[in-house]
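Colleague: Please take a close look at one part of this model, the packing of its helices, and then set that part in its surroundings.

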Amino acid sequence: MAEELVSTLAELKEKEALKNVENRLNAGEDPLKILEDARRAMEIVGDRFASGEYFIPDLVYSGEILKEITDMVKPKLAETATETKRLAKVIMGTVIGDIHDIGKNLVVFFLDINGFEVIDLGVDVSSEKFVDAVRESGAHIVGLSGFLTLSFGGMKATVEALKEAGLRDSIKVMVGGGQIDERIRGYAGADAYGDNAIEAVSLAKQWIGG
Amino acid sequence: MFIYPENWNSLSPDEKMGARFEHWISGGGTKFATAEAEKTFRRHAQRIKDIVQLRKPDRVPCTPMADAYIAEYGGIRYGDMFYDAEKAAQAIIKFHRDFQPDYNMVMLGPGKMYDRLGMKTYRWPGGDLPMDTKSYQMVDSDYMREDEYDQLIADPEGFFMRTYMPRAFTALEGWRMLPTFFNAMEFPIVPMLTGVLATPPVREAFEAFLEAGQIAAEYMGTMAKITEEVVGKMGMPATMGGFWKVPYDIIGDTLRGTKGIMLDVYRQPDKVLAACERLVPIAIQMGIEGANASGVPIVIGVLHKGDDTFMSDAQFRKFYWPYFKQVMLGLMDEGIVPGALVEGRYNTRLDIIAESGLPAGKTFWQFDQTDMLAVKKKFGGWACFGGNVPTSMLLASTPQEIKDYCKNLIDSVGQDGGYFLAPGADIDMATPENMHAFIDVAREYGAYS
């Protein structure tokens with residue numbers, strides 16, 4: 001039963017995966033075990049994306065199936081469910097003026113399945129919000145996403161705001177998305193540019209010494 | 001404006017294309033201020049015809065695609081381009097006079113018209129974005145629900161008018177109640193159609209639509225003044241005659257949203273395919289209307305959701321390319337040159353496109369981040385291409401770096417003609433020195449011996 005969920009979810013077989021969850025819940029199985037299987041399946045999905053076998057629609061679809069599974073399992077979860085230990089906190093957001101989120105969501109997804117605790121600020125995020133989030137969370141990694149060329153300015157303004165707030169030296173900033181490249185990394189004063197979500201994970205791991 | 005000659009229907013596609021190019025290159029009815037301006041216009045337009053038909057022109061043409069930067073350079077906010085026609089005209093004219101590009105870039109959007117319609121599908125400076133925002137952008141959402149494919153397929157235009165428009169434009173909500181115009185067939189049921197028009201919601205919607213049309217017409221009247229300067233006096237042709245869309249993008253961008261179509265591809269693939277097929281003639285019609293209105297024979301499809309990462313190879317072959325190709329063929333039949341602005345990366349798609357059997361020398365491809373050496377290898381001798389100068393360079397590089405990058409492109413992929421120098425996307429942020437370097441390099445370095 002367990003392996004069946006891992007394989008059906010990883011293969012994006014929605015109906016079979018949901019049926020498996022339903023059967024297991026009806027049989028009284030530990031909901032945490034079901035979620036753990038789903039997590040393993042999502043790791044496979046991530047690996048397949050990294051190797052070029054899966055594409056963005058596969059991630060979106062698997063994410064949708066996972067959401068359905070979580071919704072089914074949630075009511076059965078004990079309130080005392082244990083939090084899994086996370087590697088480090090990462091603040092993510094699409095910079096001010098830009099409401100695109102596909103790339104940003106991919107980075108959030110991959111950081112999450114790789115053990116990071118991601119604080120997702122959403123889209124059109126002001127530099128003040130980034131500063132507040134760093135202060136409140138104590139995170140040491142910030143990811144700035146942007147699709148439009150106007151995000152060139154938003155990224156620079158955000159890095160400057162972090163500097164003015166006295167936080168710049170204690171954090172690492174990565175940038176990426178649409179028209180962003182190494183030149184804009186330099187222009188914005190960020191620490192690194194990542195071409196895709198997999199690179200974002202490598203950067204974050206590198207920065208926490210992992 | 002391109003007006004069909006009387007014998008249009010008896011012309012072959014090649015003859016139609018010839019007629020459209022001839023009309024465009026001759027100025028298409030433009031009143032040129034000087035003989036020099038006319039000569040300049042003809043030279044620039046001929047250069048585009050040459051590259052489309054895979055010849056070597058006198059030199060490499062350059063199409064800089066400046067957008068929000070035109071406002072910045074002109075000392076106005078980007079929002080002024082939408083809300084102050086006079087300021088917009090001055091900025092556009094100043095940009096063209098100072099930088100002397102080969103081709104004109106004139107884009108005007110009447111802000112008050114979007115306001116009057118209550119357009120919800122975009123955000124723009126002066127709408128709900130600050131006036132100095134350097135871009136407008138679409139609001140990605142599912143304006144068509146997942147169970148509405150059958151309605152779209154049965155009657156795309158009717159669905160768009162009665163279901164999409166009321167959702168996308170606050171002021172057009174009354175259009176939900178529009179009856180079918182087929183009521184006009186029979187004497188006693190004509191009032192079924194006309195009577196509804198008198199009900200307040202429908203009436204208000206039509207009033208808004210009429211007013212929006214009036215605002216647009218007045219705003220676009222400024223175009224005449226700009227055209228007089230930029231085309232009539234400076235001799236700079238436009239290269240984009242209008243727009244078409246890939247059917248998959250019509251559904252993914254406009255109707256179902258990015259997430260919606262990605263799920264539909266798995267959950268109801270047959271509906272997606274049927275809808276794509278149904279939208280082919282509409283996409284062709286968009287291109288024909290654009291080419292006729294502008295008199296420019298090249299119309300552009302901006303490609304969004306077929307990028308290397310946005311779908312698998314198998315999905316591209318099944319959902320994206322067949323209908324994309326049908327639209328291109330349909331436009332060619334009308335003597336129009338279908339162009340594509342290939343956003344993102346298309347490294348894995350080049351073979352599929354180049355080997356699809358589309359005729360040589362009749363299409364136009366501008367790439368964003370695709371590997372240009374691969375493009376040259378696959379498209380060289382088959383279709384004209386250009387693009388790839390990173391927008392980031394215009395802001396964050398030096399003039400010399402830009403010149404070096406462009407020279408390298410010209411040397412490595414532009415030597416055989418059929419090539420134009422262009423950025424990968426619209427230029428919203430730049431420095432004047434960099435813009436000069438980019439526009440000048442084609443003149444200084446791009447001559448064919």
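Modeller: Two residues are taken to be in contact if their C-beta atoms, placed from the backbone, lie within 7 Å. The model is predicted, and the contacts below are computed from it.

I start with a helix pair inside chain B. In H11(B), B:Pro247, B:Tyr248, B:Ile250 and B:Ile251 meet a row of residues in H13(B), namely B:Val272, B:Ala275, B:Cys276, B:Leu279, B:Val280 and B:Ala283. Sorted by class, this contact of H11(B) with H13(B) holds 10 nonpolar residues, with no polar and no charged ones. H11 covers residues 247-255 of chain B and H13 covers residues 269-294 of chain B; their axes lie 7 Å apart and make an angle of about 105 degrees. Angles of 65 to 115 degrees count as roughly perpendicular, and H11(B) and H13(B) are therefore roughly perpendicular to each other.

A second pair crosses from one chain to the other. Helix H4, residues 56-73 of chain A, packs with helix H12, residues 257-267 of chain B, at an angle of about 85 degrees and with 9 Å between the axes. H4(A) and H12(B) are therefore also described as roughly perpendicular to each other. On the H4(A) side the contact consists of A:Pro57, A:Val60, A:Tyr61 and A:Glu64, while H12(B) brings B:Lys259, B:Met262, B:Leu263, B:Val265 and B:Tyr266. The residues of the contact of H4(A) with H12(B) come to 7 nonpolar, no polar and 2 charged.

That pair belongs to a wider contact between the chains, with 21 residues from chain A and 26 residues from chain B. On the side of chain A that touches chain B, at least two residues each come from H4, helix H7 (151-164) and helix H8 (182-188). H4(A) gives the most to that side, with 5 residues. The side of chain A that touches chain B has 13 nonpolar, 5 polar and 3 charged residues.

H4 of chain A also has a part within its own chain. An assignment divides chain A into domain 1 (2-76) and domain 2 (89-207), and the centres of the two, taken over C-alpha atoms, are separated by 28 Å. Where they touch, 7 residues of domain 1 of chain A are in contact with 6 residues of domain 2 of chain A. Helix H3 (31-50) and H4 of chain A each supply at least two residues of the domain 1 side, and H3(A) gives the most to it, with 4 residues. By class, that side of domain 1 has 4 nonpolar, 2 polar and 1 charged residues.

As for chain A as a whole, its secondary structure comes to 9 helices and 5 strands, in the order α-α-α-α-β-α-β-α-β-α-β-α-β-α along the sequence. Its C-alpha atoms fill a box of roughly 55 × 35 × 30 Å along the principal axes. A compact globule of 210 residues would have a radius of gyration near 17 Å, and the 18 Å of chain A agrees with this. Of its 210 residues, 48% count as buried. Among contacts in chain A between residues at least 6 apart in sequence, 73% join residues at least 24 apart.

Back in chain B, one residue outside these helix pairs can be placed as well. B:Thr227 lies in helix H10, residues 200-233 of chain B. B:Thr227 counts as partly exposed because it has 17 C-beta neighbours inside 10 Å.

Key:
Residues are numbered from 1 along each chain as its sequence is written. Chains are lettered from A and ligands numbered from 1 in the order in which they are written. This is a predicted model: local features need pLDDT of at least 70, side-chain atom pairs count only at pLDDT 80 or more; totals for chains, interfaces and linings use all residues. Axes are lines fitted to C-alpha atoms, for helices over the stretch in contact, and angles run from 0 to 180 degrees between N-to-C directions. Angles under 35 degrees count as roughly parallel, over 145 as roughly antiparallel, 65 to 115 as roughly perpendicular and the rest as oblique. Ala, Val, Leu, Ile, Met, Phe, Trp, Tyr, Cys and Pro count as nonpolar, Asp, Glu, Lys and Arg as charged, and the others, Gly among them, as polar. Domain bounds come from an automatic or database domain assignment. A residue is buried if 20 or more other C-beta atoms lie within 10 Å of its own, exposed if 12 or fewer, and partly exposed in between; C-beta atoms are placed from the backbone. The radius of gyration is taken over C-alpha atoms; the globule rule is 2.2 Å times the number of residues to the power 0.38.
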